[in-house]
Amino acid sequence: MTTKVSSLFAEKVLAELKKCGITHIVWLPHSENKAMYETVLQDAGITLVPVCREGECIPIAAGLWLGGKNTAIMHQSTGLFEAGDSVRGLALDMQLPLLMLIGARGWPTPGSPPSPYSWNGIDSAATFLEPILDAWGIKHHLVTNENETGQISSAYKEAQSTSRPVAVLIAKE
Amino acid sequence: MIDSMEAMKVISKARGEAIVVTTMTAKNEWHQASTHRELDFGISGAMSKASSLGFGLALAQPNRKVIIIDGDGSLLMNLGSLVTIANMAPANLIHFVVENGIYRITGGQPTPNSRKVSFSALARDAGYTHSYEFEDPAAFQSKIQNIMEQPGPTFVCLKCPSISERSPHKSPTTSPDSVRKFREMFV
């Protein structure tokens, strides 16, 4: 049952990305995007670009965008923490209109089990996510279920109109 | 050893219509050698990301050569990019590394395990189609045309002297306006 729901979610996310005209997703796998990976892999319209470390995602996306492509990145919040200098030196300084799909590890959603990484009931990957995005001035939208995937198109449009990276926090496996 | 400024001139003469992505000291030296600055993209921030950004450009523009001019200190910060690049293996990518064994831009401190790492072996074993190492300027000069013409991805390590003084050459900081102007060539 979980797999079926996750696939529906992935299909709705993919439909949003196609609506935005995304040509490439630069990504590193994590538990929140497993179903996305399988769904996008079966779709010929979007190219997946796998990386070894999340800090590669933004510069690769920047190169693709400079070359005329329409790109999103996808990795977990922990990877955002690792990729800080690329966020600063490329996405923000170059004013990239970049769609960032961030897996919100440990995000507290109703009915979800506690994060396996939590300590005293708190996963610091979730605790620090919004404050760090706020510190960078990166607007962010939250998606916790299938009915909220429209936030992806909103974030994409916002990135294009402001020439800034905009994040979508995916708090659902 | 190969004088890095002379190496830039050799690459410049052979580049044709290739896009050139540079960073750190290579960015400053390349700016002096380049005769097609409109096709150059220098990374001012985010040290080490030239290989990744050049890779993205190579994927986006498969019918145009993309040259990356990296430093050994920069590549050490982003070694995984060798594997990432080899995985998708863009045939139009040529990745040069100026190996001087130091962080020249910060005053000449040695890189970890300086001069003992074989960057050409790392690239070859990561999966680049071709990988070279040159210490002799004449040997590099004689091979450059072949390097430019063959399908890649191709990696070229240039053994250069360790010069602690910062390069006297300067290049402008890449601004958001210049970023947009660069992209307009491809959309």
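**Exercise 1. Determine which element gives the most to the lining of the largest cavity, and describe that cavity by volume and by residue class.**

Helix H2(B) gives the most to this lining, with four residues. The model is predicted, so local features need pLDDT of at least 70 and side-chain atom pairs count only at pLDDT 80 or more, while totals for chains, interfaces and linings use all residues. Residues are numbered from 1 along each chain as its sequence is written, chains are lettered from A in the order in which they are written, and side-chain values use heavy atoms, with hydrogens and water left out.

Step 1. On a 1 Å grid over the protein atoms alone, a cavity is a set of points where a 1.4 Å probe fits but cannot get out, whereas a pocket is an open set with protein on both sides within 12 Å along at least five of seven lines; lining residues have an atom within 4 Å of a point. The search of the whole structure finds four cavities of 30 Å³ or more, and the largest has a volume of about 250 Å³, a volume being the space filled by probe spheres set on the points, which are joined across faces, edges and corners.

Step 2. Its lining consists of 23 residues, with B:Thr25, B:Gly71, B:Asn100, B:Ile102 and B:Arg104 nearest the centre. Among the elements of chain B that give two or more residues are helix H1 (4–14) and strand S3 (66–71), where helices (H or I, at least four residues) and strands (E, at least two) are DSSP runs numbered from the N terminus.

Step 3. By class, 11 lining residues are nonpolar, seven polar and five charged; Ala, Val, Leu, Ile, Met, Phe, Trp, Tyr, Cys and Pro count as nonpolar, Asp, Glu, Lys and Arg as charged, and the others, Gly among them, as polar.

**Exercise 2. Classify the ring pair of B:Phe96 and B:Phe140, and place both residues in the chain.**

Step 1. Rings of Phe, Tyr and Trp (its six-membered ring) pair if their centres lie within 6.5 Å, with planes under 30 degrees apart stacked, over 60 edge-to-face and the rest tilted. The structure holds seven such pairs over all chains.

Step 2. The centres of B:Phe96 and B:Phe140 are 6.2 Å apart and their planes stand at 80°, so the pair is edge-to-face.

Step 3. Because B:Phe96 lies in strand S4 (residues 93–99) of chain B and B:Phe140 in helix H7 (residues 137–149) of chain B, the pair ties together parts 44 residues apart in sequence. Both B:Phe96 and B:Phe140 are buried (under 20% relative accessible area with a 1.4 Å probe, protein chains only; exposed is over 50%, partly exposed in between).
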